[in-house]
Amino acid sequence: MNLRRIHSTLATLILFSVPAAAAEPATPDQFISTFAKIFGEHKGERKGHAKGVCFSGEFQGDKAIAAYSDSPLFSGDVFPLTGRFSMAGGNPNAPENSRSPRGFAAQIKLNNGELQHFALLSTPVFGAKDPDSFLGLLQASLPDASTGKPDPAKIAAYRKAHPDTQPQAEYLAKTAPPASYGSTPYFGLHSFYLKNAGGEQQAVRWQLTPLDGVKGLTASEIAAPPKDFLVERLAERLTKGALKFKLELVLAKAGYPLLDPSQAWPASSKVVAGGEFRITQSGGDLCKNINFDPNVLASGITPSADPILLMRSGAYAISFGKRLSGQ
């Protein structure tokens, strides 16, 4: 047999007998760089939720949930609150009538020096089940080189191949965007564990209900040319008194998808009152230098192993560092 043919045959056998190397898991750096490719470079801005407004006020936990938690967050004391409402994405000029999530982030300072962070969205589910699936969705949304815009067919094909990316898109398509930052519920999406005095643990998800009620934009407002109104409406609302949200804790049962934020928990889930957010002022730079990492938690509260939740710390830290250094 011809030696060249033998070598070629051996090379072919080796190539197809060695398993292909597994794709590297998504990293925080990849999310930051992909956001920049989608939304452009905006130096000194947050890489996600770039457009937003600071707020301040107070939080009072509900000590009636002692059966589930011994955390000082739920002592019944009143703690100072600094937070931020925002538009999703990395565009600091995002249209405020768009069908995209709104964000609620908050930092609570406890009397013992501890901090408790919250980071919630106005959708009851996240955009994907894990970092790899979410990164793939973002990469499918990159602008096409010829048009400068995302290719809808490419995004649709990715969603079809990855069903976990569909629930959030479906919710946004059928739900009117919020008429104001204070007229929408917000959802924690990730699972956390509470511990009571007996050491028993309970998995929960956070959710906020606006005491002003829920109100969305009208069809004509959604179809109108983009304009900024959320900051103005928030300031106007606060002239009438504190804007209040009820914190509720959704309790998990056996079999609930604790590690998949793309899946909603059953509507029949037990919900207990966790406290109240009272927002009294908005605007200014009070929240400018706060990194709202949702894994910053008061004692007695621990994060789950949800991979999206764990990924947030790294991505938020990179964004925070770039923003503070003017990148």
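The crossing of helices H2 and H3 is left-handed, and that is where I'd like to begin today. Keep in mind throughout that we are looking at a predicted model. Helix H2 covers residues 28-39 and helix H3 covers residues 131-140. Two packed helices are described by the angle between their axes and the distance between the axes. For this pair, the angle is about 20° and the axes are 10 Å apart. Since angles under 35 degrees count as roughly parallel, that makes H2 roughly parallel to H3.

Let me step back to the whole chain for a moment. The secondary structure comes to eight helices and ten strands. If you draw a box around the C-alpha atoms along the principal axes, it comes out at roughly 90 × 55 × 40 Å. There are 327 residues in the chain, and 44% of them count as buried.

Now, on to the cysteines. How many disulfides does the structure hold? There is one, formed by cysteine 54 and cysteine 287, with their sulfur atoms 1.9 Å apart. For those of you who like torsions, the one about the S-S bond of cysteine 54 and cysteine 287 is about -75°, so this disulfide is left-handed. The pair links distant parts of the chain, with the two positions 233 residues apart in sequence numbering. Cysteine 54 sits in strand E1, residues 52-61, while cysteine 287 sits in the loop between strand E9, residues 271-282, and strand E10, residues 301-303. And are these two cysteines buried or exposed? Cysteine 54 has 7% relative accessibility, so it counts as buried. Cysteine 287 is at 1%, and therefore counts as buried as well.

Stay with strand E1 and strand E9, please, as they turn up again among the salt bridges. Side chains of opposite charge can pair when their charged atoms come close. In this model the count comes to eight salt bridges. One of them joins glutamate 58 to arginine 278, with the closest N and O atoms 2.9 Å apart. Glutamate 58 lies in strand E1 and arginine 278 in strand E9, so this salt bridge ties together parts of the chain that are 220 residues apart in sequence. As for accessibility, glutamate 58 is at 29% and so counts as partly exposed, whereas arginine 278, at 17%, counts as buried.

Here is another salt bridge for your list: arginine 237 with aspartate 212, where the closest N and O atoms are 2.5 Å apart. What does this pair tie together? Arginine 237 belongs to helix H7, residues 230-238, and aspartate 212 to the loop between strand E7, residues 201-210, and helix H6, residues 219-223, so the parts being tied are 25 residues apart in sequence. Aspartate 212 is partly exposed, at 46% relative accessibility.

Then we have glutamate 248 with lysine 246, whose closest N and O atoms are 3.5 Å apart. Glutamate 248 is buried, with a relative accessible area of 13%, and lysine 246 is partly exposed, with 32%. Finally for the charges, have a look at Lys51, Glu96 and Asp228, which are linked in a network of salt bridges.

That leaves the aromatics, and I saved them for the end. The count comes to 18 aromatic pairs. Take phenylalanine 85 and phenylalanine 104: their ring centres are 5.6 Å apart and their planes are at 70°, so the pair is edge-to-face. Phenylalanine 85 is in strand E2, residues 78-87, and phenylalanine 104 is in strand E3, residues 102-109, with the two residues 19 apart. Phenylalanine 85 has 0% relative accessibility and so counts as buried; phenylalanine 104, at 1%, counts as buried too.

Phenylalanine 85 also forms an aromatic pair with phenylalanine 245, and that pair is tilted, at 6.3 Å centre to centre and 50° between the planes. Here the link runs from strand E2 to strand E8, residues 243-251, and the two phenylalanines are 160 residues apart. Phenylalanine 245 is buried, just as phenylalanine 85 is.

So which residues do ring pairs link into a cluster? Please find them on the screen: Phe55, Phe59, Phe85, Phe104, Phe118, Tyr181, Tyr186, Phe192, Trp206, Phe245 and Phe277. Thanks, everyone, and I'm happy to rotate the view for anyone who'd like another look.

How values were computed
Residues numbered from 1 in each chain as written. Predicted model: local features only at pLDDT ≥ 70, side-chain atom pairs only at ≥ 80, totals over all residues. Heavy atoms only, no water. Disulfide = S-S within 2.5 Å. Helix = DSSP H or I, 4+ residues; strand = E, 2+ residues; numbered from the N terminus. Buried < 20%, exposed > 50% of the residue type's maximum accessible area, 1.4 Å probe, protein only. Salt bridge = Lys/Arg side-chain N within 4 Å of Asp/Glu carboxyl O. Phe/Tyr/Trp six-rings, centres within 6.5 Å; stacked < 30°, edge-to-face > 60°. Axes fitted to C-alpha atoms, helices over the stretch in contact; angles between N-to-C directions. Parallel < 35°, antiparallel > 145°, perpendicular 65-115°, else oblique. Left-handed = near helix turned anticlockwise from the far one by under 90°.
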